[in-house]
Amino acid sequence: MRLAFVTLHYKNIADTLGLLESLTNCVVPEGDQVRIYVVDNEGNAKLKKEIKKYPLAKLIVSSANLGFAGGNNIGFRQAIADEYEIIVAINNDTYAGKDFIKQIVDSPIKDEIVGAVGGLIYFAPGYEFKKDYAKKDQGRVIWYAGGQFDWDNCLGSNDHVDEVDRGQFKKVEPTTFITGALLITRADVLKKVGLFDEKYFMYLEDVDLSHRLKRAGYSLLFDPKIKLWHKVAQSSGIGSPLNDYFITRNRLYFGFKYARPRTKFALLREAIRKLFTGTPAQKQAIRDFFSGKLGKGTYL
């Protein structure tokens with residue numbers, strides 16, 4: 001198989017180089033070919049120099065900060081043009097074990113009815129939401145083990161967050177959405193359903209793509225044999241104004257794009273209320289949505 005990773009760099013070079021180091025140390029099954037596309041969304045001169053140490057990596061410098069969706073799409077297009085078969089979106093603030101590539105190749109992603117596969121993602125030690133885990137459990141605390149989507153509120157949630165992995169995940173299972181932190185798909189699938197919708201810029205573009213995959217007849221699977229560690233929310237910060245802005249605006253965009261009329265009315269009512277009672281970031285997000293300022297919007 002020809003397998004391409006796509007990761008987005010923005011500001012935190014230590015994270016990006018850490019991911020490259022872990023992927024470089026992975027065992028590549030005999031006969032398989034691997035490429036790591038690093039999309040630089042900020043134009044970092046140090047990254048251009050450091051990346052030369054990693055022979056599997058190829059740097060692509062974007063013209064501007066295109067967000068998570070647009071930046072990853074640059075890598076997707078290049079991987080497709082270079083005729084890679086399996087394409088993996090992976091956050092730069094993650095790292096993998098040595099068997100990670102083999103776990104992906106052995107997953108169901110080669111099945112033509114499968115649109116995308118997600119893995120078992122742990123909090124990197126010290127990055128857990130809660131801080132009272134025993135030392136022996138750090139590195140086994142779950143951030144993603146499949147996902148659910150609440151259509152009434154247009155919000156996705158990761159399954160089994162904060163649980164400790166004690167071997168309870170035994171088999172591959174269907175899931176509602178696959179997080180963009182680790183989204184394993186194929187070039188032929190992306191050619192059929194399209195890439196990330198760049199109007200999101202960041203947040204919910206993975207849920208949108210997952211929904212389009214399901215509408216196209218593909219299955220989405222969670223494979224617990226694929227394991228990854230995530231330094232959660234290093235780029236935007238959960239609860240930050242940046243997070244607040246894009247979640248607020250993109251819930252409206254997703255809901256008005258796909259939800260039933262009842263949900264659209266509820267979102268509209270909530271938006272009107274938050275125009276008076278919400279945070280400054282929420283108010284700006286709502287104004288931007290209704291004035292058609294998607295993509296980067298006016299927050300950045």
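1. Where does Lys52 lie? In this predicted model, Lys52 is placed in the loop between α2 (45–50) and β3 (57–61). Its relative accessibility is 70%, and Lys52 therefore counts as exposed, the cut-off for that class being over 50% relative accessible area. Lys52 is also one of the residues of a surface patch of positive charge, where it gathers with Lys46, Lys48 and Lys49.

2. A salt bridge should be read alongside that patch: Lys53 pairs with Glu50, and the closest N and O atoms of the two are 2.7 Å apart. The two partners fall into separate accessibility classes, since Lys53 counts as exposed at 57% relative accessibility, whereas Glu50 counts as buried at 16%. By the rule applied to this model, the count of salt bridges comes to 16, and a network of such bridges links Lys136, Asp137, Arg140 and Arg166.

3. Helix α6, which spans residues 205–215, deserves attention for its cover, as 9 of its 11 residues are buried and the helix is thus mostly covered. The buried residues in α6 are Glu205, Asp206, Val207, Asp208, Leu209, Ser210, His211, Arg212 and Leu213, a list that includes charged side chains of both signs. Just after the helix, Gly217 takes a positive phi of about 95°.

4. One of those buried residues, Asp208, meets the side chain of Lys257 in a salt bridge, with an N to O distance of 2.9 Å. This pair links distant parts of the chain, because Lys257 belongs to helix α7 (residues 241–258) and Asp208 to helix α6, with their positions 49 residues apart in the numbering. The partners again differ in cover: Asp208 counts as buried because its relative accessibility is 0%, while Lys257, at 34%, counts as partly exposed.

5. Helix α7 also takes part in a salt bridge between Arg251 and Glu270, whose closest N and O atoms are 3.1 Å apart. Arg251 lies in helix α7 and Glu270 in helix α8 (residues 261–277), so the pair ties together parts that are 19 residues apart in sequence. Here both Glu270 and Arg251 are buried.

6. Which residues form the nonpolar patch on the surface? The patch is made of Phe256, Phe265, Leu268, Ile272, Leu275, Phe276 and Phe290, and together these have about 680 Å² of accessible area. Helix α8 gives the most to this patch, with 5 residues. Among the members, Phe265 lies in helix α8 and is exposed, with a relative accessible area of 52%; Ile272 is likewise found in helix α8, but is partly exposed, with a relative accessible area of 44%. Phe265 can further be placed relative to Gly255, from which it is 10 residues apart in sequence and 9.8 Å apart in space, taken C-alpha to C-alpha.

7. Is Thr175 buried or exposed? Thr175 has a relative accessible area of 8% and is therefore buried, the limit for that class being under 20%. Its place is in the loop between β10 (173–174) and β11 (182–186). The side chain of Thr175 reaches the backbone nitrogen of Gly147 at 2.8 Å, and a polar atom of that side chain lies 3.3 Å from the backbone oxygen of Phe177.

8. Backbone angles at two further loop positions merit a check by eye. Most residues other than glycine have a negative phi. His160, however, has a phi near 65°, which is a positive value in a residue other than glycine; His160 is found in the loop between β9 (155–158) and β10, and at 33% relative accessibility it counts as partly exposed. Leu204 also has a positive phi, near 75°, and its place is in the loop between α5 (187–193) and α6. At 10% relative accessibility, Leu204 counts as buried.

Definitions and conventions. Residues are numbered from 1 along each chain as its sequence is written. This is a predicted model: local features need pLDDT of at least 70, side-chain atom pairs count only at pLDDT 80 or more; totals for chains, interfaces and linings use all residues. Side-chain values use heavy atoms; hydrogens and water are left out. Patches are made of residues with over 30% relative accessible area and no salt bridge: like charges are joined within 9 Å, nonpolar side chains (Val, Leu, Ile, Met, Phe, Trp, Tyr) within 5 Å. Accessible areas come from the Shrake-Rupley method with a 1.4 Å probe; for residues, only the protein chains shown count as cover. A salt bridge is a side-chain nitrogen of Lys or Arg within 4 Å of a carboxyl oxygen of Asp or Glu. The place of a charge is taken as NZ of Lys, CZ of Arg, CG of Asp or CD of Glu. Helices (H or I, at least four residues) and strands (E, at least two) are DSSP runs, numbered from the N terminus. Buried means under 20% relative accessible area, exposed over 50%, partly exposed in between (1.4 Å probe, protein chains only). A polar contact is a pair of N or O atoms within 3.5 Å; within protein, one must be able to donate a hydrogen and the other to accept it, and residues adjacent in sequence count only if both atoms are side-chain atoms.
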